[in-house]
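Me: Please take a close look at one part of this model, the stacked aromatic rings, and set that part in its surroundings.

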Amino acid sequence: MTHKTIINICLTLIALCWTVAIQAQTATVDGINYSLNADAKTAEVTKSTATGDIVIPEKITVDGVEYTVTRIDNQAFMDCKALASVTMPSVTSIGAQAFMFCHALASVTMPSVIIINYQAFWSCSNLTSVTMPSVTSINDFAFSSCSSLVSVSMPLVTSIGGSAFGGCSNLASVTMPLVTSIGGQAFNSCSSLTSVDMPLVTSIDNQAFSGCSSLTSVTMPLVTSIGNEAF
């Protein structure tokens, strides 16, 4: 190996390390922690402690550089038991367990969110209503055990993961006109649910509506596959 080759390898490694260092930058703004992507000029909220009513801004400025806040990382606000409300105008993705065990969380405003990941709002027992007009995908257990949840409006959702709303015993109203598939136990034990109108659903997995003792009206004209004990 020539001296020139060694120098080139060293320079390449230095450049790679510098790139990683830039992309791994972190910052704290108004008490919220962020991971910054210098290339994309985006930021995601990382593990933070928050109470009361918070607003995650559309943009933050760090060292004179402006970053758009696009994501809430996995477990970012997990166990923030005094967090009361969250407004996030530019966030498009909610990570796994992001708000898990936020028992005081009552209000969520996320107009740009597209994806809600695994157990994102698990056991947010004070959450009463959810309006997310841009969401297209709800993953497994996303709102499981949200026992105070009364209504859900997600007009663009196309798929609902397993147990996504399991144990939401007060859930009475669901508006999801574009849903095509419903995962196993998705609405299990939603004992207050009285009617379901999902005109595009074609597939309902096992026990999707098991324990929905108040369900009297179901409109799903396109269903071709129904799992065991779906109702």
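Reply: The rings come next, then the core, the surface and the charged pairs.

This is a predicted model, in which local features need pLDDT of at least 70, side-chain atom pairs count only at pLDDT 80 or more, and totals for chains, interfaces and linings use all residues. Residues are numbered from 1 along each chain as its sequence is written, and side-chain values use heavy atoms, with hydrogens and water left out.

The overall frame first. The protein has 1 helix and 20 strands. Helices (H or I, at least four residues) and strands (E, at least two) are DSSP runs, numbered from the N terminus. Of the 231 residues, 39% count as buried. Buried means under 20% relative accessible area, exposed over 50%, and partly exposed in between, with a 1.4 Å probe and protein chains only. Contact here means heavy atoms within 4.5 Å. Among contacts between residues at least 6 apart in sequence, 20% join residues at least 24 apart.

Now the rings. The whole structure holds 9 aromatic pairs. Rings of Phe, Tyr and Trp (its six-membered ring) pair if their centres lie within 6.5 Å; planes under 30 degrees apart count as stacked, over 60 as edge-to-face and the rest as tilted. One of the pairs is Phe121 with Phe143, stacked at 5.0 Å centre to centre with 0 degrees between the planes. Phe121 sits in the loop between strand S10 (115-116) and strand S11 (129-131), and Phe143 in the loop between strand S12 (137-138) and strand S13 (151-153), so this pair ties together parts that are 22 residues apart in sequence. Phe121 is buried, at 0% relative accessibility. Phe143 is buried too, at 0%.

Phe165 and Phe187 have ring centres 5.3 Å apart and planes at 5 degrees, so they are stacked. Phe165 lies in the loop between strand S14 (159-160) and S15, and Phe187 in the loop between S16 and strand S17 (195-197), so the pair ties together parts that are 22 residues apart in sequence. Phe165 and Phe187 are both buried.

These pairs belong to a chain of partners. Ring pairs link Phe77, Phe99, Phe121, Phe143, Phe165, Phe187, Phe209 and Phe231 into a cluster.

What does Phe143 touch beyond its neighbours within four places in sequence? Its contacts include Phe121 and Phe165 from the ring cluster. Among the others are Ile116, Leu127, Val130, Met132, Ile138, Leu149 and Met154. Ala164 and Cys168 are also in contact with Phe143.

The core gives the wider setting. The largest nonpolar core has 69 residues, and those with the most contacts inside it are Phe77, Phe99, Phe121, Phe143, Phe165 and Phe187. Such a core is a set of buried Ala, Val, Leu, Ile, Met, Phe, Trp, Tyr and Cys residues joined through side-chain atoms within 4.5 Å. Several strands each supply at least two residues of this core, among them S1 (26-29), S2 (32-37) and S3 (42-45). S5 (59-62), S6 (65-72) and S7 (83-87) are also among them.

Ser123 shares the S10 to S11 loop with Phe121. Ser123 counts as buried, at 14% relative accessibility. Leaving aside residues up to four places away in sequence, Ser123 touches Phe101, His103, Ser144, Ser145 and Cys146.

Next, the surface. Leu156, Leu178, Leu200 and Leu222 form a nonpolar patch there, with about 300 Å² of accessible area together. Patches take residues with over 30% relative accessible area and no salt bridge; like charges are joined within 9 Å, nonpolar side chains (Val, Leu, Ile, Met, Phe, Trp, Tyr) within 5 Å. Areas come from the Shrake-Rupley method with a 1.4 Å probe, and for residues only the protein chains shown count as cover. Leu178 lies in the loop between S15 (173-175) and S16 (181-182). Leu178 is partly exposed, at 33% relative accessible area.

Last, the charged pairs. The structure holds 3 salt bridges. Each is a side-chain nitrogen of Lys or Arg within 4 Å of a carboxyl oxygen of Asp or Glu. Arg71 pairs with Glu44, the closest N and O atoms being 3.9 Å apart. Arg71 is in S6 and Glu44 in S3, 27 residues apart, and the pair links distant parts of the chain. Asp73 also bridges to Arg71, with closest N and O atoms 2.8 Å apart. Glu44, Arg71 and Asp73 thus appear as a linked network of salt bridges. Lys81 bridges to Asp79, at 3.0 Å between the closest N and O atoms.
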